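Hello,

Here is the structure I promised to pass on to you. Please open it beside this email and follow along as you read.

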Amino acid sequence: MCYWLKMKADYERYFCMHADPRALETESGHMSEVCHKSYQRAMRFKAHPGSPTRLGLILNYAIFKAIVLKDYQDAIKIAEKGQADSVDKTEEMNDDDYKESKDLLDLYKENIAIWEKAIEQGVKGTEEYKEL
């Protein structure tokens with residue numbers, strides 16, 4: 001269920017990022033609010049802290065905060081917490097999940113660096129980010 005909710009929230013994020021701004025108003029409210037709620041719903045599911053699904057969910061939620069909402073500080077906070085919660089837990093994973101989790105943790109570092117640089121330079125709307 002967590003994976004399905006992650007995919008739904010990712011779809012909504014992609015829509016927010018690429019749709020005509022006039023198309024973002026829906027019967028359920030502004031699409032960014034719908035997306036935010038979807039990520040929050042998915043985050044309630046308990047998954048192993050180092051699992052690739054959970055790490056991907058947290059990373060994509062941070063990307064949503066940075067790219068759609070332009071909230072780099074919160075994006076960094078979300079990514080750093082996800083990184084801290086999982087860094088020692090990836091050792092417990094099978095080989096495939098371990099590699100995917102390590103790749104995701106590398107993307108966390110790259111995105112945090114991008115967002116910190118954007119804050120430092122006073123950039124209000126960078127579209128730069130890294131994901132699998």
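Leaving aside its neighbours within four places in sequence, which residues is arginine 54 in contact with? Keep that one in mind while I set the scene.

First, please remember that this is a predicted model. The chain has 132 residues, and 43% of them count as buried. It contains 5 helices and 2 strands, and they follow one another along the sequence in the pattern α-β-β-α-α-α-α. Among contacts between residues at least 6 apart in sequence, 69% join residues that are at least 24 apart.

Now back to the opening question. Arginine 54 is found in helix α3. Once its neighbours within four places in sequence are set aside, arginine 54 is in contact with Ala47, His48, Pro49 and Asp85. Is this arginine buried or exposed? Its relative accessibility is 19%, and buried means under 20%, so arginine 54 counts as buried.

The next residue to find is leucine 55, which also lies in helix α3. Leucine 55 is buried because its relative accessible area is 0%. With neighbours within four places in sequence left aside, the contacts of leucine 55 are Pro49, Gly50, Gly82, Ser86, Ser101, Leu104, Leu105 and Tyr108. You can also try a distance on your screen: the C-alpha atoms of leucine 55 and lysine 102 are 9.7 Å apart, although their positions lie 47 residues apart along the chain when you count from one to the other.

Next, the core. The largest nonpolar core has 31 residues. Those that touch the most other members are Tyr39, Leu59, Ala62, Ala66, Ala79, Tyr108 and Trp115. At least two residues of this core come from each of α1 (2-18), α2 (31-43), α3 (52-68), α4 (72-86) and α5 (95-120). Which helix gives the most? That is α3, with 10 residues.

Since α3 keeps turning up, let us look at how it packs. Two packed helices are described by the angle between their axes and the distance between the axes.

Take α3 and α5 to begin with. Their axes are 9 Å apart and the packing angle is about 15 degrees. Angles under 35 degrees count as roughly parallel, so α3 and α5 are roughly parallel to each other. Their crossing is left-handed. On the α3 side, the residues that meet α5 are Pro52, Leu55, Gly56, Ile58, Leu59, Ala62, Ile63 and Ala66. On the α5 side you will find Asp97, Glu100, Ser101, Leu104, Leu105, Leu107, Tyr108, Asn111 and Trp115. The residues of this contact divide into 12 nonpolar, 3 polar and 2 charged.

What about α1 and α3? Here the angle is about 20 degrees and the axes are 10 Å apart. The same reasoning applies: the cut-off is 35 degrees, so α1 and α3 are roughly parallel to each other. α1 passes α3 in a left-handed crossing. From α1, the residues involved are Cys2, Tyr3, Lys6, Asp10, Arg13, Cys16 and Met17, and they meet Thr53, Gly56, Leu57, Asn60, Ile63, Phe64, Ile67 and Val68 in α3. This contact is made up of 9 nonpolar, 3 polar and 3 charged residues.

Enjoy exploring the model!

Best wishes

Key
Residues numbered from 1 in each chain as written. Predicted model: local features only at pLDDT ≥ 70, side-chain atom pairs only at ≥ 80, totals over all residues. Heavy atoms only, no water. Core = buried A, V, L, I, M, F, W, Y, C linked by side-chain atoms within 4.5 Å. Buried < 20%, exposed > 50% of the residue type's maximum accessible area, 1.4 Å probe, protein only. Helix = DSSP H or I, 4+ residues; strand = E, 2+ residues; numbered from the N terminus. Contact = heavy atoms within 4.5 Å. Axes fitted to C-alpha atoms, helices over the stretch in contact; angles between N-to-C directions. Parallel < 35°, antiparallel > 145°, perpendicular 65-115°, else oblique. Left-handed = near helix turned anticlockwise from the far one by under 90°. Nonpolar A, V, L, I, M, F, W, Y, C, P; charged D, E, K, R; others polar.
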